[in-house]
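Dear colleague,

I am passing on the structure below, and I would be grateful if you kept it open while you read the notes that follow.

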Amino acid sequence: MIVASIMQKLSQYYSFSEWLMCHRLVRYLHPSDEELRTAAGIPATSGRGRGKKHNQNGQLRDTTFTVPCNTEVTLTSVNVNATDLHHLQFYTEYKWLVDFAVCATFIYIITELYYWLTPYHSAEEFNLSLIWSLMVILFVFKIFWSLTVLYFVGDEGGERALCITFSFACLVVAMGILIVDESVLEFGLEEAYSNFTLGASLFLARQGIDSSGPASKITLKLILALWSAVIGGCFVFPGLRLAQMYNDAQKYCIDNFIIRMLLHVNFVAPLLVMLLWLKPVGREVFTKVQWGQYGILMSAEAFESFRLLLPLLLSVLRLCLTSVHMQAYLNLAHERIQLLRNEAGRIANIELQRKVARVFYYSSVVMLHYILPIILLLNIIFLLKTLGGLSWCSDSLCGQFSQYVPETSTPTVLAKLPEAIGSSLKDVSEQFHVALSSLKLVFTPVFFKGILSYALWWLCGVNFASQAFGLTYYSYFSEHR
């Protein structure tokens with residue numbers, strides 16, 4: 001809490017969210033009425049106006065006029081600054097979430113360093129950084145929900161139909177994925193369910209309740225499939241948007257080979273992460289195949305750490321490429337004017353100005369589409385590492401400097417919960433400790449590892465599928481427009 005208070009004070013002077021939207025970004029200003037009249041050769045007293053407005057003398061003056069679509073209009077570019085952002089749609093939600101996520105990440109890093117220096121405390125103390133990560137995930141889903149609702153309350157039916165279609169497609173695919181054998185996709189769901197059922201049965205028996213388990217295996221997988229469908233509906237438009245920015249960014253980086261390669265790696269990064277959970281491609285290749293004089297590439301423990309570090313590094317890469325993608329989006333204002341020149345007929349001055357102004361006005365929503373999957377993926381990785389009993393560095397690589405990993409054995413003895421709550425603070429603390437210890441033996445690291453591994457894999461899968469669909473659509477659209 002002390003760290004959070006300090007960072008809240010610092011955010012008033014420096015905001016990472018503002019820096020992310022202002023760093024090296026240029027936006028285009030819409031042309032004024034005078035500039036449009038000059039470019040179209042329309043005199044200032046032209047009678048082409050349709051809308052009228054009272055001036056200071058109470059006389060009517062023309063405010064709306066039309067110009068040829070092929071008018072040569074030059075847009076003025078300016079650097080994006082913090083004062084331009086406050087009126088943007090969803091900017092408040094974006095700024096608050098990103099700054100809160102930065103604060104939560106900083107707290108998680110400090111906590112990890114503390115447990116690394118004092119490894120014996122990790123098994124005795126409750127990790128409060130997990131609360132911060134869970135809060136970030138809840139806030140991400142809240143904003144996802146707010147953005148998705150806009151597609152259902154609007155007049156356009158195409159977005160609503162696309163969300164529903166993609167959600168049902170994800171539901172069907174998820175049900176198929178969840179029945180794949182563990183020898184192909186090694187999420188560990190079977191072991192997670194067995195461990196959870198055994199622990200829950202022993203816990204209920206200890207409390208005097210006769211039960212074979214809280215839920216069947218089909219119920220657990222149905223819940224995961226429904227969650228997968230919700231994620232699919234939320235991720236469809238962020239994936240489409242990223243595909244458009246990726247497609248446009250390549251045009252502006254044609255002379256920069258390094259940036260183009262990083263864009264390609266960033267685009268296929270979710271697919272690379274998915275392959276690590278495909279056992280014949282991931283574990284078999286890295287831990288069992290002999291590579292000549294090099295032998296086996298890594299041990300099983302090192303492979304688990306590698307599956308944590310790779311999506312983490314690729315998420316950092318995507319974060320570093322934010323300015324490249326966002327500038328590609330802001331350049332849409334200039335591209336819209338260029339495409340307008342190929343059309344015949346005339347266009348109203350207000351409509352032309354809106355075509356340019358809407359790009360920047362919608363930029364905070366685009367930034368949310370870009371940054372929300374990154375924040376969600378990072379916090380899922382944090383939860384998987386901590387709750388799943390994994391380590392950032394395996395014993396074979398770090399030796400004595402590796403982190404302490406709690407025991408993940410099958411639960412055997414469970415303490416009985418107290419029947420009444422004591423009045424003293426010491427009694428309350430002891431009862432809370434007993435309850436927390438009992439729950440830890442029900443929700444074991446094996447259970448969390450299986451659930452969160454599937455969640456991480458599915459997030460990458462939906463992200464890549466929506467990106468691939470969007471790239472196919474925009475590539476076809478750019479060839480036929």
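The largest cavity holds about 150 Å³ of space, where a cavity is a set of points, on a 1 Å grid over the protein atoms alone, at which a 1.4 Å probe fits but cannot get out, and a volume is the space filled by probe spheres set on the points, which are joined across faces, edges and corners. This is a predicted model, in which local features need pLDDT of at least 70 and side-chain atom pairs count only at pLDDT 80 or more, while totals for chains, interfaces and linings use all residues. Residues are numbered from 1 along each chain as its sequence is written, and side-chain values use heavy atoms, with hydrogens and water left out.

Lining residues have an atom within 4 Å of a point; of the 15 that line the largest cavity, Pro270, Ser315, Arg318, Leu377 and Asn463 are the closest to its centre. By class, this lining has 11 nonpolar residues, three polar and one charged, where Ala, Val, Leu, Ile, Met, Phe, Trp, Tyr, Cys and Pro count as nonpolar, Asp, Glu, Lys and Arg as charged, and the others, Gly among them, as polar.

In total, the structure holds six cavities of 30 Å³ or more. The second largest has a volume of about 50 Å³, and the residues that line it include Ile177, Phe187 and Lys221; its lining has six nonpolar, no polar and three charged residues.

Finally, Ser228 is buried, with a relative accessible area of 0% (buried means under 20%, with a 1.4 Å probe and protein chains only).

With best wishes

Technical notes:
On a 1 Å grid over the protein atoms alone, a cavity is a set of points where a 1.4 Å probe fits but cannot get out, and a pocket is an open set with protein on both sides within 12 Å along at least five of seven lines; lining residues have an atom within 4 Å of a point. Buried means under 20% relative accessible area, exposed over 50%, partly exposed in between (1.4 Å probe, protein chains only).
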